[in-house]
Each structure stands twice: as structure tokens, then as C-alpha cells.
Amino acid sequence: MKISRSRCRAVCRRSSVRFFLLNAWEEKLEKVALPESVQEKVVKEMKRYRKMPQSSAESGVIRSYIDWILDLPWDKKTEEQLDLSAAQ
């Protein structure tokens, strides 16, 4: 089977984007202080994403989910104000 050069370039470009994305997630995962259960879930989803064809609709959902989880401010907290009269 013969593959055209443009098709080969497109596949290589998609593969390199996917590789870059997985590396970026791994770096973020090391920097962010996630709860252990969340970290396990993210690692599991990254493994699923790595195995999944890029043309799959579910790969876009997984990518958005991982981005969303890693972008949440897990290590930042604010003081809660429980004063009902101040809330009104």
C-alpha cells in the first residue's frame, strides 16, 4: 500500500501534536497538587487517550476533561464567609 507524502506529513503532524499534549499534561500533573484519587483518574484517562484513535469523538471529550481537571486551582483556597446576613 502506497501512502502519499501529504498524508504521511499529516499523520506525523498529528502524532507530534499528540506527543506534545501528553508531555504537557505530564508536566502539569507533576506541578499541580491533586488529591490522590483525582490524580489516579487523570492518569487512567491519559492512558485511555494515548490508546484511542485521534479521530474518535471520545478523544476530544477526554482531552477536554483532562485539560479542565489540570486547570482547576487545586492548591488555592479562600476563606469561607458563612454569615447569612452578609450574603443577603
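**View 1. Helix α2 and its span.** In this predicted model, side-chain atom pairs count only at pLDDT 80 or more and local features need pLDDT of at least 70, while totals for chains, interfaces and linings use all residues. Residues are numbered from 1 along each chain as its sequence is written, and side-chain values use heavy atoms, without hydrogens and water. Helix α2 has 16 residues (helices are DSSP runs of H or I, at least four residues, numbered from the N terminus). From first C-alpha to last, α2 reaches 23 Å, close to the 22 Å expected at 1.5 Å a residue (1.5 Å times one less than the number of residues).

**View 2. The two faces of α2.** Val 38, Val 42, Glu 45, Met 46 and Tyr 49 are the buried residues of α2 (under 20% relative accessible area, 1.4 Å probe, protein chains only; exposed is over 50%). They cover an arc of only 105 degrees around the axis, so they lie on the same side of α2 (arc of the directions from the helix axis to the C-beta atoms). The face turned away carries exposed Glu 36, Ser 37, Lys 44 and Lys 51.

**View 3. The Trp 25–Tyr 49 pair.** The count is one aromatic pair (ring centres within 6.5 Å, with the six-membered ring used for Trp). The centres of Trp 25 and Tyr 49 are 5.2 Å apart and the planes stand at 65 degrees, so the pair is edge-to-face (over 60 degrees). Trp 25 lies in α1 (residues 5-31) and Tyr 49 in α2 (residues 36-51), so the pair ties together parts 24 residues apart in sequence. Trp 25 is buried at 2% relative accessible area, and Tyr 49 is buried at 0%.

**View 4. Arg 18 over Tyr 49.** The charged end of Arg 18 sits over the Tyr 49 ring, 4.2 Å from its centre (NZ of Lys or CZ of Arg within 6 Å of the ring centre and within 35 degrees of the ring normal).

Technical notes. Phe/Tyr/Trp six-rings, centres within 6.5 Å; stacked < 30°, edge-to-face > 60°.
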